[in-house]
Amino acid sequence: MHQNYGFRLFKVDHNSRHAAPRRRGRRAPVSWDQGLSGRVGVRQPVLRKKRRRRRRRRRRMEVVVFVFSLLDCCALIFLSVYFIITLSDLECDYINARSCCSKLNKWVIPELIGHAIVTVLMLISLHWFIFLLNLPVATWNIYRFIMVPSGNMGVFDPTEIHNRGQLKSHMKEAMIKLGFHLLCFFMYLYSMILALIND
Amino acid sequence: MSQPGIPASGGVPTSLQAQNGAASASGSPYTNGPVQNALMSSQVSVSQGYNSQLSGSYPHPIPAKTLNPVSEQPNYGDSQTVSPLSNYQGPGRTINRPPVASNPVTGSLHSGPVPRMPLPTSQNPAATPMPSGSFLRGANIPPPLNWQYNYPSTGSQTNHCPRASSQPTRSGNTNLTSHQYVSSGDPSLQNNFIKSGITSNTNNGSMVVHNSYDEIEGGGFLATPQLTNKNPTMSRSVGYSYPSLPPGYQNTAPPSTAGMPPSSLNYPSGPQAFTQAPFGASHLTASMSGLSLHQEGLRVVNLLQERNMLPSTPLQPPVPNLHEDIQKLNCNPELFRCTLTSIPQTQALLNKAKLPLGLLLHPFKDLVQLPVVTSSTIVRCRSCRTYINPFVSFLDQRRWKCNLCYRVNDVPEEFMYNPLTRVYGEPHRRPEVQNATIEFMAPSEYMLRPPQPPVYLFVFDVSHNAVETGYLNSVCQSLLDNLDLLPGNTRTKIGFITFDSTIHFYSLQEGLSQPQMLIVSDIEDVFIPMPENLLVNLNESKELVQDLLKTLPQMFTKTLETQSALGPALQAAFKLMSPTGGRMTVFQTQLPTLGVGALKPREEPNQRSSAKEIHLTPSTDFYKKLALDCSGQQVAVDLFLLSGQYSDLASLGCISRYSAGSVYYYPSYHHQHNPVQVQKLQKELQRYLTRKIGFEAVMRIRCTKGLSIHTFHGNFFVRSTDLLSLPNVNPDAGYAVQMSVEESLTDTQLVSFQSALLYTSSKGERRIRVHTLCLPVVSTLNEVFLGADVQAISGLLANMAVDRSVTASLSDARDALVNAVIDSLSAYRSSVLSNQQPGLMVPFSLRLFPLFVLALLKQKSFQTGTNARLDERIFAMCQVKNQPLVYLMLTTHPSLYRVDNLSDEGALNINDRTIPQPPLLQLSVEKLSRDGAFLMDAGSVLMLWVGKNCGQNFLSQVLGVQNYALIPQTMTDLPELDTPESARTIAFISWLRDQRPFFPILYVIRDESPMKANFLQNMVEDRTESALSYYEFLLHIQQQVNK
């Protein structure tokens, strides 16, 4: 099983951390390596060293990326749980709409940023699959934020939240996000462990 | 069926105690009329099955035909004196309550000069407190007295608060008039009823009639002859009879609803009166149709063939298909109304019907009579906190079952004793269980803080623009005139703030020789210059206040300041009021330009007519936030916008909308150029200042388990799922909610809705006004359609459409309105109608649905293609949200009468005044003729259009002018001439006015008048450049439905 979801799906990159170990065990492919060594035989060890160093750096980067994503994802999970708790408090009348919405609106932007960072990070580190997985959610977050009418007090508007089943849809949204983040969490965890092992 | 009047005259004397009493009193002619009674009893005998069943069960539909045999049986004459209730006694475990000693009461009633309501007595609040304990029911108190005071009279004993009666009367002459109205209303009704009885040839009926007729006559009422004429042509009768009812039942139903006042509520004020009144006649027809033509309600109408569906008398709400005992106790539809009087069992069924399910409330309506209960414990369900109400069931003497959550509760010890009858062990006869509308004096548990004093703060715009309009003069004058009439007590506080680019406070400290003005020019960080003495006790500083009001208009005449710092002024006012809460009245004449909350003009005049790209949403959240702050501190903001230019009401209106205030808009107000607006402002201000007010209020709407409220409409802030925060509540505000069926209601046959409004009265008492409505549950689509209340549906749709136009767009909202008609009618066509006939087939209950929706599309809020100003459109939308249903319907579909040939035929007779009842006309120019004069009643305005060739007679006898050309350009009063025509017209117009709490201005319009456009705009059945005519609209719908 490959931990690198996006990568293999699109192209085989020999620089990837999977390809590297395998190649090493197999001995370098004949035609390519030979040709290369034939031409610049002297520089071979230097090149390999460099490559190895680069690989190692990349692997270390990978670990860092996933550790960061994991932490970020934890934060997002907590945030979703917080959203759910606050919304259900509102549902049960433990708090009033105003304080509920001001509490939640405070966290809309952090959530948006937190998620956007992971998404961008995945793009930069060329994890296409994870990036594409995150993209719709991130887009939705941004869209929701941008589309708030000028007169409203934020994504959660205390005067609207009880109307037209908004509370329910917010709740549903928070639930879906929680599920999504949980999924991501395990994905990052797995990727991180693999990256650590490979290191 | 708004016939609150009935109980007033009949049921009331029996006083609250005898709710059933009222029922039994139906033996007396004044309540339900003998005929019905007979029928009722007959019905009982016919369908016994259901007597024995309890609350839940209601009768199976009985084919219409059975009715006649029943009514024709000769024996019923006797039964009239038998109270129908007695029939039910046996099984009555649950809702049926044994008839108590109500009979004596009725006796007394009979003997008394009942029908004549002594206005003066009832009006006089001073009469309220009756000697405690001296009150014997019905025995010695003349009916009129009881009428008003029965509650209080028992009061001292039971702690019932006498003030109840006094309170409603505060609103002055409105009440008075309504009173009259009520009293007069029902007698006529009975008359009608009787008449119908005669015509329908029921033997016993006629006997009965005689009896009661005499009595009625004795009471000084005139029978209305007009009805007889109508009888033969019953096929066209307007009756709203509910087809699936057993025959006898049906008959009684309309009156009883009307009579629902068993709760002894009289609804004095406008709207309902409006619907109600003319109906004496319609009632008749209704009951008649019930008598012989059950089919009417069941009938399927082909709208393309029968064009003339508009009844000639105002439309009445349908009567829920409930057991008559329950229905009698039910809440008056003017206060509490549901779009579907038969609640569908499941959400699937509701979705199938494609009709919106919702409630329309007018909870704080002025009531002439309202039972008030003071007791140490207010009995409520322990789990859902529902107040005990007439629809709970008593399992035994000690336990009652909540009708909302079905929990079984104990009856507390105090509740066992009935203070009215002074009998122990009759909890089911307590007033709480006998009245669907009741007010409790709340004990201290219902207070978070001591009740606040009434606090009124006035904030005036005094910039150059404002001074130019000259509004300060009329407002200050109105205030001066009404200073003593402001609702309040010795604790009343008042304060004033004016603002232009700075904020001016006025110190009115007692002992100052003249008011002291304090100017705060720092609008970035507003502060209160001196915390005390800005809001002062009205009684102590009255002279200073009067001084200030006299000088205020002159103080700023030379101002050159054109900027307006509304935002900071509101912040300052909020800071000033936040310790107490209260009412803030803001006058604004232009777009705020300075400080926080400054707005920019957004209207593009060229795009006024297109439905796209108009700014219906607020441009800033400042006003909303401030409104929520205000709401938290129990401050309500009422906005008076008097502006010639665009003022962004969409943004400004938020300040009132979320703080439960109200918005008034006077476009192009100017003291010289626009006298009409000046007059309007004065009249509305008069009403505004003197009407009843409730402070620091909250309202909760509960409904039976399985139903849930998902959307709220109106001016308030929804603080938690079902709790509406209303810093102020006023009697002119209506609310609406939308509901869904969450769980299937299959195991229940009745559902109930309860709204409880907790408020502090201007006298500093904490009170709870509770309304409970009970409706049947049905399982078939056909029944759902039969029970549809077309006015309520249209009202709710209008509210939903306003929301839609704000969140989506105006054209979306318009489409949604049209689709609502198409969807429901095609649902009806595909699921209910068995044979697919050509044409546009609609159930009888929805026969006016397309018309009302078309009227909505042409209403100012939703119309396209005209040059409606953005502010006017938004104001119309605010009105849709905030008005009670009756006025909303009047503004969308005004009533049109021909008044140049008024006659006494069919007239009402109220207090020796004859009030002609011209038939309603359709809103089409084809109904107008050049040789007539037509009165259009659009709720807040009356327009009298005089045709060019109008009879000389009318011109001289009514308008007091020699010829047409001499009619003044702006004429807003009819001269009181000493001619019968003038008397009739004036009587009719003043009767229309008396029915509403405010004062609609009458405009006399001739051909060249500028108002003529307004008049013609209301002709909703006609085609305009951008809108379909009624017939075209029907064709369009038919096309869509038959697809």
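What follows is a conversation about a predicted model with chains A and B.

Biologist: How many residues of chain B are in contact with chain A?

Modeller: On the side of chain B there are 23, and they are in contact with 20 residues of chain A.

Biologist: What area do the two chains bury between them?

Modeller: Chain B and chain A bury about 1700 Å² between them, and 49% of that lies on carbon and sulfur atoms. The size of an interface is often stated in this way, as the accessible area lost when the parts come together.

Biologist: How many salt bridges cross that interface?

Modeller: The rule finds five between chain B and chain A. In one of these, the side chains of D629(B) and R98(A) meet at 2.7 Å, N to O. Side chains of opposite charge can pair when their charged atoms come close.

Biologist: And how many residue pairs are in polar contact?

Modeller: Between chain B and chain A the count is 10 residue pairs, with both residues at pLDDT 80 or more.

Biologist: Which elements of chain B supply the side that touches chain A?

Modeller: At least two residues each come from α27 (622–632), β21 (707–713), β22 (717–720) and α32 (790–807) of chain B. By class, this side of chain B has nine charged, eight polar and six nonpolar residues.

Biologist: What is the salt-bridge count over all chains?

Modeller: It comes to 28 by this rule. Within chain A, the side chains of E173(A) and K177(A) form a salt bridge at 3.2 Å, N to O.

Biologist: Why are E173(A) and K177(A) separated by about one helical turn?

Modeller: Because they are four residues apart in helix α7 of chain A, which covers residues 166–198.

Biologist: Turning to pockets, how much space lies in the second largest one?

Modeller: The second largest pocket holds about 930 Å³. Its lining has 40 residues, and those nearest its centre are P149(A), N152(A), E160(A), R164(A) and T807(B).

Biologist: Which elements give two or more residues to that lining?

Modeller: From chain A they are α6 (128–146) and α7, and from chain B they are α28 (649–652), α29 (654–657), α32 and α35. The most comes from α35(B), with six residues. The lining of this pocket divides into 18 nonpolar, 13 polar and nine charged residues.

Biologist: How many cavities of 30 Å³ or more does a search find?

Modeller: A search of the whole structure finds 18. The second largest cavity has a volume of about 130 Å³.

Biologist: Which residues are closest to the centre of the second largest cavity?

Modeller: They are L360(B), L361(B), P884(B), L885(B) and V886(B), out of 19 that line the cavity. The elements supplying at least two residues each to this lining include β4 (358–361) and α35 (870–882) of chain B. The largest share, three residues, is from α36(B).

Biologist: How does the lining of that cavity divide by class?

Modeller: The lining of the second largest cavity has 12 nonpolar, four polar and three charged residues.

How values were computed: Residues numbered from 1 in each chain as written. Chains lettered and ligands numbered in written order. Predicted model: local features only at pLDDT ≥ 70, side-chain atom pairs only at ≥ 80, totals over all residues. Heavy atoms only, no water. Contact = heavy atoms within 4.5 Å. Buried area = accessible area lost by both parts, 1.4 Å probe. Salt bridge = Lys/Arg side-chain N within 4 Å of Asp/Glu carboxyl O. Polar contact = N/O pair within 3.5 Å; in protein donor to acceptor, adjacent residues only side chain to side chain. Nonpolar A, V, L, I, M, F, W, Y, C, P; charged D, E, K, R; others polar. 1 Å grid on protein atoms, 1.4 Å probe; cavity = no way out; pocket = protein on both sides within 12 Å on 5 of 7 lines; lining within 4 Å. Points joined across faces, edges and corners; volume = space filled by probe spheres on them.
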